[in-house]
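Me: I have a structure here and would like a close look at a single part of it. Could you pick one strand and walk me through its surroundings?

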Amino acid sequence: MTKGKPIGINEIVIHVKNVENSCNFYTKVMGFNVIRKEDGLVWLKTGEGERAVQVLLHPNENDDVIPFGSMALSFEYDNVDQVIERAKKYNCKIAKYPKNMYYGWYALREAVIFDPNDIYIFLAQPIPINR
């Protein structure tokens, strides 16, 4: 496997004003299922296998960077640091440099860049939970 290539879409992140209202919309209107609620975040899923889609409803804590209603793509990588090195080489806007983050039941090495259209691209590399 070539390092620094996307493994797949990790999830679609939607920045919302009200997580609970948005959860009701996506479950009752759109037919998604809640798969996890934790720390004010809600993960939803629909579909199975290769057609499965996971959505994270994320409260917008910094609306001057990510406007309400905006979406972010989250790609899973085997090496986030290599992607950041390429982003620097091509003068991409980097919003967050790689950092290990622990979320209780899972852990990620995370980074964030913007594409040329200012779409928020979340880079996620699963890491072992042992701190």
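Reply: Happy to; what follows is a tour of strand β7 and the parts around it.

One thing to keep in mind from the start is that this is a predicted model. Strand β7 covers residues 107–114. Seven of its eight residues are buried, so β7 is largely enclosed by the rest of the structure.

Let's begin with the partners on either side. Strand β6, residues 94–102, runs antiparallel to β7, and six bridges join the two. Within that pairing, K99 stands opposite E110 of β7. The hairpin formed by β6 and β7 has four residues between the strands, and G104 takes a positive phi there, near 80°. The other partner is β8, which spans residues 120–126. β8 also pairs with β7 in the antiparallel sense, here over seven bridges, and R109 stands opposite Q125 of β8.

Next, the nonpolar side of the story. The largest nonpolar core has 12 residues in all, and L108, V112 and F114 are among them. β7 is one of the elements that give two or more residues to this core, together with β3 (41–46) and β8. Other members include L41 and W43, as well as Y120, F122 and A124. V13, L56, A72 and Y106 also belong to the core. As general background, nonpolar side chains in soluble globular proteins tend to be buried together.

Charged residues of β7 deserve their own look. A general point first: side chains of opposite charge can pair when their charged atoms come close. In this model, the side chains of R109 and D81 meet in a salt bridge, with 2.8 Å from N to O. Since R109 lies in strand β7 and D81 in helix α2, the pair ties together parts that are 28 residues apart in sequence. D81 itself is partly exposed, because its relative accessible area is 31%.

E110 makes a salt bridge too, and its side chain meets that of K96 at 2.6 Å, N to O. This pair links distant parts of the chain, with E110 in strand β7 and K96 in strand β6, 14 residues apart. The two ends of the bridge are worth setting side by side: E110 has 3% relative accessibility and therefore counts as buried, whereas K96, at 26%, counts as partly exposed. So E110 stands opposite K99 in the strand pairing and has K96 as its salt-bridge partner.

For context, a search of the whole structure finds five salt bridges. Another of them, outside β7, joins the side chains of E38 and R36 at 3.0 Å, N to O. E38 is partly exposed at 21% relative accessibility, and R36 is partly exposed at 28%.

Finally, let's visit K93, which sits in the loop between α2 (80–89) and β6. Leaving aside its neighbours within four places in sequence, K93 is in contact with I113, F114 and D118. F114 is also a member of the largest nonpolar core, yet K93 counts as partly exposed because its relative accessibility is 47%. K93 and Y120 are 27 residues apart in sequence, and their C-alpha atoms are 9.9 Å apart in space; Y120 is another core member.

To gather the threads, β7 pairs with β6 and with β8, gives residues to the largest nonpolar core, and holds R109, which bridges to D81, and E110, which bridges to K96.

Note on methods. Residues numbered from 1 in each chain as written. Predicted model: local features only at pLDDT ≥ 70, side-chain atom pairs only at ≥ 80, totals over all residues. Heavy atoms only, no water. Core = buried A, V, L, I, M, F, W, Y, C linked by side-chain atoms within 4.5 Å. Buried < 20%, exposed > 50% of the residue type's maximum accessible area, 1.4 Å probe, protein only. Pairing = 2+ DSSP bridges. Contact = heavy atoms within 4.5 Å. Salt bridge = Lys/Arg side-chain N within 4 Å of Asp/Glu carboxyl O.
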